[in-house]
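Let's take a walk through this one, stopping at a few residues along the way. Have the sequence and the coordinates open as you read.

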Amino acid sequence: MLIAPSLLSCDFSRFGEEIKRMDEAGADYMHLDVMDGHFVPNITFGAPVMKYVRSFTDKVFDVHLMISEPLKYIDDFCDAGADIITFHIESDSNPVETIKKIKGRGVKAGLVIKPKTPAESVFPYLDMIDMVLVMTVEPGFGGQSFMADMLPKVETLKAEINKKHLDVLIEADGGIGMNNIAECKKAGVDVAVAGTAVFKAENPKETIAKLKEC
Ligand code: DX5
Ligand code: ZN
């Protein structure tokens, strides 16, 4: 299991150092939540801020775009150093066009599904993408409770990916911690995002190691 701490829970006055701290604590990916106050009812940061903190680690920048028109901003996030860009199937941008734009920049592409969106909605795009991100909370805020009823969607996706012999990672995001990481793994999650569980831990290094063990 790969662990991607969500920087949404970090001390933003020390954004760069927080990234470095997570790197040293053993994070596999840095999960960066971009919110536009329109697709979701919250605003975080954009590509210019990401560009400033890019130099604090060599680890994968896993950029989760919770914005209405991702296609418009793909170049900006690629220029800022994204390694993986995931965007919502529920956004206003054309999925194929957006995936092509991301891949054309040599960056990995993924689709995200909100809790009410069925797993099957991304089936037509599976052979074009590198990752599917299954939201296990409603996107917008950290610190919410894990929705265990999203795990059947992970199982459905895993079965389809295996059936088609594809190399697509499944990421899960929202409310993940020690009390549900094993269930996530069993369902087929490859990458677990964890915000609160890692940042509120007394010893993030130990927590990341324990989460990875599951
Ligand atoms: C929610 C974000 C998540 C969230 C994870 O919209 O996409 O990445 O911050 O944080 P926790 O682990 O606290 O739910
Ligand atoms: Zn996220």
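Where is His165 found? You'll find His165 in the loop between helix H5 (151-163) and strand E7 (169-173). Before going further, keep in mind that this is a predicted model. His165 is worth a look for its backbone: its phi is near 55°, a positive value in a residue other than glycine. For context, most residues other than glycine have a negative phi. As for its surroundings, His165 has a relative accessible area of 72%, so it is exposed.

Now to the metal. The zinc ion (ligand 2) is held by His31 through NE2, Asp33 through OD, His64 through ND1 and Asp173 through OD, at 2.0 to 2.3 Å. Read along the chain, the donors of the zinc ion (ligand 2) follow the spacing H-x1-D-x30-H-x108-D. What geometry does the site of the zinc ion (ligand 2) have? It is octahedral, with 6 donor atoms and angles among them of 69 to 170°. The textbook reference for six octahedral donors is 90 or 180 degrees. Two of the residues that bind the zinc, His31 and Asp33, are both buried.

Next, the aromatics. The structure holds 3 aromatic pairs. Take Phe12 and Phe15: their ring centres are 4.9 Å apart and their planes meet at 75°, so this pair is edge-to-face. The cut-off behind that label is a plane angle over 60 degrees. Phe12 also pairs with Phe45, and here the arrangement is tilted, at 5.8 Å centre to centre and 55° between the planes. What does this second pair tie together? Phe12 sits in the loop between strand E1 (2-5) and helix H1 (15-24), while Phe45 sits in the loop between strand E2 (29-35) and helix H2 (47-53), so the contact joins parts that are 33 residues apart in sequence. Put together, ring pairs link Phe12, Phe15 and Phe45 into a cluster. How do the three sit with respect to the surface? Phe15 is buried, at 7% relative accessible area, and Phe45 is buried too, at 9%. Phe12, at 37%, is partly exposed.

Right beside Phe12 in the sequence, there's Ser13, also in the loop between E1 and H1. Ser13 has 63% relative accessibility, so it counts as exposed. If you'd like a long ruler across the model, try Ser13 to Gly106: they are 93 residues apart in sequence and 31 Å apart in space, C-alpha to C-alpha. Strand E1 itself contains Leu2, which is partly exposed at 30% relative accessibility. From Leu2 to Lys205 is 203 residues in sequence, yet 14 Å in space, C-alpha to C-alpha.

Some rings have a charge for company instead. Arg54 lies over the face of Phe61, 3.8 Å from the ring centre. Over at Phe39, the charged end of Lys114 sits above the ring, 5.0 Å from its centre.

Let's move on to the helices. In helix H4 (residues 95-104), the buried residues are Pro95, Thr98, Ile99 and Ile102. Why can we say that they line one face? Seen down the axis of H4, the buried residues fall within an arc of 100°, so they do share one side of the helix. Turned away from that buried side, H4 carries the exposed residues Lys100 and Gly104.

Helix H3 (residues 70-79) holds Asp79. With 44% relative accessibility, Asp79 counts as partly exposed. Asp79 and Arg105 are 26 residues apart in sequence and 9.1 Å apart in space, C-alpha to C-alpha.

Last stop, the cysteines. How many disulfides does the structure hold? The count is 0. Cys184 is in no disulfide, and the nearest cysteine sulfur, that of Cys214, is 9.7 Å away. The cut-off for a disulfide is 2.5 Å between the sulfur atoms, so that distance rules one out. Cys184 is buried, with a relative accessible area of 0%, and Cys78 counts as buried as well, at 10%.

How values were computed: Residues are numbered from 1 along each chain as its sequence is written. Chains are lettered from A and ligands numbered from 1 in the order in which they are written. This is a predicted model: local features need pLDDT of at least 70, side-chain atom pairs count only at pLDDT 80 or more; totals for chains, interfaces and linings use all residues. Side-chain values use heavy atoms; hydrogens and water are left out. Rings of Phe, Tyr and Trp (its six-membered ring) pair if their centres lie within 6.5 Å; planes under 30 degrees apart count as stacked, over 60 as edge-to-face and the rest as tilted. Buried means under 20% relative accessible area, exposed over 50%, partly exposed in between (1.4 Å probe, protein chains only). Helices (H or I, at least four residues) and strands (E, at least two) are DSSP runs, numbered from the N terminus. A charge sits over a ring if NZ of Lys or CZ of Arg is within 6 Å of the ring centre and within 35 degrees of the ring normal. Donors are N, O and S atoms within 2.8 Å of the metal (3.2 Å for Na, K and Ca); water is not among the atoms, so sites may look incomplete. Four donors count as tetrahedral if all angles lie between 85 and 135 degrees; four count as square planar and six as octahedral if opposite donors are over 155 degrees apart and all others between 65 and 115; anything else is irregular. The arc is that of the directions from the helix axis to the C-beta atoms.
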